[in-house]
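Morning, everyone. I have one structure to show today, and I'll keep it short. Please look at the screen.

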Amino acid sequence: MFLNPETGERYEDKKRYLWTFSLLYPYLPGLFVALAYLTGWPAWLWAFPVAFYGLVTMLDHITGEDTNNPPDWAVEQMQEDSFYRKVIYGAIPGLFVNVAIGAWAFSSGLFPVWALAGLVVSVGIVGVFGLNIGHELGHKKNDFERGLGKIADCVIGYGHFYIEHNKGHHRDVATPEDPASARLGENLYTFGLREIPGAARRAWRIEVERLQRKGSPVLSLENEIVQTTLMTAALWGGLTMAFGWLALPFLIGQGAIAWFHLTLANYVEHYGLLRQKQANGRYERCQPEHSWNTNHIFSNLILFHLQRHSDHHANPTRRYQSLREFENTPQLP
């Protein structure tokens, strides 16, 4: 409960304790691995993708939408409430448990190939959930949270996202210069072939320019892409040594699934929306109408209000719990 000290008005975040569901989310593929092992029924390894694509959609329809916004006076109090930060922090260990159990199960020889395909998809979906944690933390102002964001990104080998998204996408969003903004009429796969390499090139270019301004060598530990690449190499290398060479194709596969789901998210977030170029050659400021939004409750709980995307672009450092819905913004079906 939040209290306005001037007027005595009270505000309650009805989703406050529902956010803790995200603490369980990374452990679900591991639970299904255990069920497959204990029951001898490998089909359990496909349960997570079925739930993700089917059950979440059904629950969104059942629970409906939440268009409630916190009052302006409550936003600052919500920002400072450590409960919400602890939820984010608490989900990070699950990312490593998820990928470790997956690497073991894939390398164990206990399950048929058709079931292992479901395992790769399951772990990859949780991997992009981790990237969304990295997205939330990477926007924050303190080094601790940004560091945690990098750690979350490295699980799927997408450490350059920290630079590309914050310093590239937010600057160029909804313009032809942004590889992460889908153009009107562009299909998902054409977009992915443009977005994935384009984002990597933009991240590298931004980081090189930063280091050159400082007079620092590009290939050094000051390079944040080098840092996150080494984190991924250490994690993937450690799991491969622990579980054998079969862990490596698994790790590459789950990373590819996670990358595809990031592309899927990027595709719908700004599809067909375009900022106009002004007479001075600059693009107009990013406005709420340049992002697609949705207020469906269950998927927003999983994605930490990522789908209140207009407010995120207007206020990138604002924490997930206090993101607001803008009126007359594009709404996803």
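I'll go through the record's annotations, then the pocket, the cavities, the cores and a few single residues.

Keep one thing in mind throughout: this is a predicted model.

Start with the record. The UniProt entry is unreviewed, and it gives a domain, "Fatty acid desaturase", over residues 113-326. In the model, that stretch is 62% helix and 0% strand. Its end C-alpha atoms lie 47 Å apart.

The unreviewed entry also lists residues 17-37, 43-59, 87-107, 113-133 and 230-250 under "transmembrane region". I checked two of those ranges against the model. Residues 87-107 are 100% helix, with 0% strand, and the end C-alpha atoms are 31 Å apart. Residues 43-59 come out at 76% helix and 0% strand. There the end C-alpha atoms are 23 Å apart.

Now the pocket. How many residues line the largest pocket? The count is 33, and nearest the centre are Phe52, Ala265, Ser299, Leu303 and Gln307. Five elements give two or more residues each to that lining: helix 3 (47-63), helix 6 (113-138), helix 8 (161-172), helix 11 (247-269) and helix 12 (297-302). Helix 11 supplies the largest share, 7 residues. The volume of the largest pocket is about 960 Å³. As for chemistry, the lining has 19 nonpolar, 12 polar and 2 charged residues.

On to the cavities. The structure has 3 of them at 30 Å³ or more. I'll take two.

The largest cavity has a volume of about 80 Å³. It is lined by 13 residues, and those closest to the centre are His135, Glu136, Phe304, His312 and Leu323. Helix 6 gives the most to this lining, with 3 residues. By class, the lining of the largest cavity is 5 nonpolar, 5 polar and 3 charged.

The second largest cavity has a volume of about 40 Å³. Which residues line the second largest cavity? They are Tyr84, Arg85, Ile88, Glu136, Leu137, Glu145, Arg319, Tyr320 and Gln321. Glu136 is one to find on screen: it is among the residues closest to the centre of the largest cavity, and it is in the lining of the second largest cavity too. Helix 5 (82-107) and helix 6 each supply at least two residues to the second lining. Helix 5 has the largest share there, 3 residues. The class split in the second largest cavity is 4 nonpolar, 1 polar and 4 charged.

Next, the nonpolar cores. The largest has 52 residues. Leu119, Phe129, Ile133, Phe250 and Phe304 have the most contacts inside it. Phe304 also came up a moment ago, close to the centre of the largest cavity.

Let's zoom in on Phe250. Beyond its neighbours within four places in sequence, Phe250 contacts Val99, Gly102, Ala103, Phe106, Leu119, Val120 and Val123. A second core stands separate, with 8 residues, Val128, Leu131, Ile156 and Ala199 among them.

Last part: single residues. Two have a positive phi without being glycine. Take Ala174 to begin with. Its phi is near 60°. Ala174 sits in the loop between helix 8 and helix 9 (188-214). Is Ala174 buried or exposed? Ala174 counts as buried, because its relative accessibility is 1%.

Then Asn328. Its phi is positive as well, about 60°. Asn328 lies in the segment after helix 13 (309-314). With a relative accessible area of 77%, Asn328 is exposed.

Now Thr39, in helix 2 (residues 28-39). Thr39 has 48% relative accessibility, so it counts as partly exposed. The cut-off for exposed is over 50%. From Thr39 to Pro93 is 54 residues in sequence and 27 Å in space, C-alpha to C-alpha.

And Trp73, in helix 4 (residues 72-80). Setting aside residues up to four places away in sequence, Trp73 touches Phe2, Leu3, Asn4, Glu9, Arg10 and Tyr11. Trp73 and Leu148 are 75 residues apart in sequence, and their C-alpha atoms are 29 Å apart.

To recap: the largest pocket is at about 960 Å³, the largest cavity at about 80 Å³, and the largest nonpolar core holds 52 residues. That's my slot. Thanks.

Conventions:
Residues numbered from 1 in each chain as written. Predicted model: local features only at pLDDT ≥ 70, side-chain atom pairs only at ≥ 80, totals over all residues. Heavy atoms only, no water. 1 Å grid on protein atoms, 1.4 Å probe; cavity = no way out; pocket = protein on both sides within 12 Å on 5 of 7 lines; lining within 4 Å. Points joined across faces, edges and corners; volume = space filled by probe spheres on them. Helix = DSSP H or I, 4+ residues; strand = E, 2+ residues; numbered from the N terminus. Nonpolar A, V, L, I, M, F, W, Y, C, P; charged D, E, K, R; others polar. Core = buried A, V, L, I, M, F, W, Y, C linked by side-chain atoms within 4.5 Å. Buried < 20%, exposed > 50% of the residue type's maximum accessible area, 1.4 Å probe, protein only. Contact = heavy atoms within 4.5 Å. UniProt positions renumbered as here; feature names shortened; annotations may be inferred.
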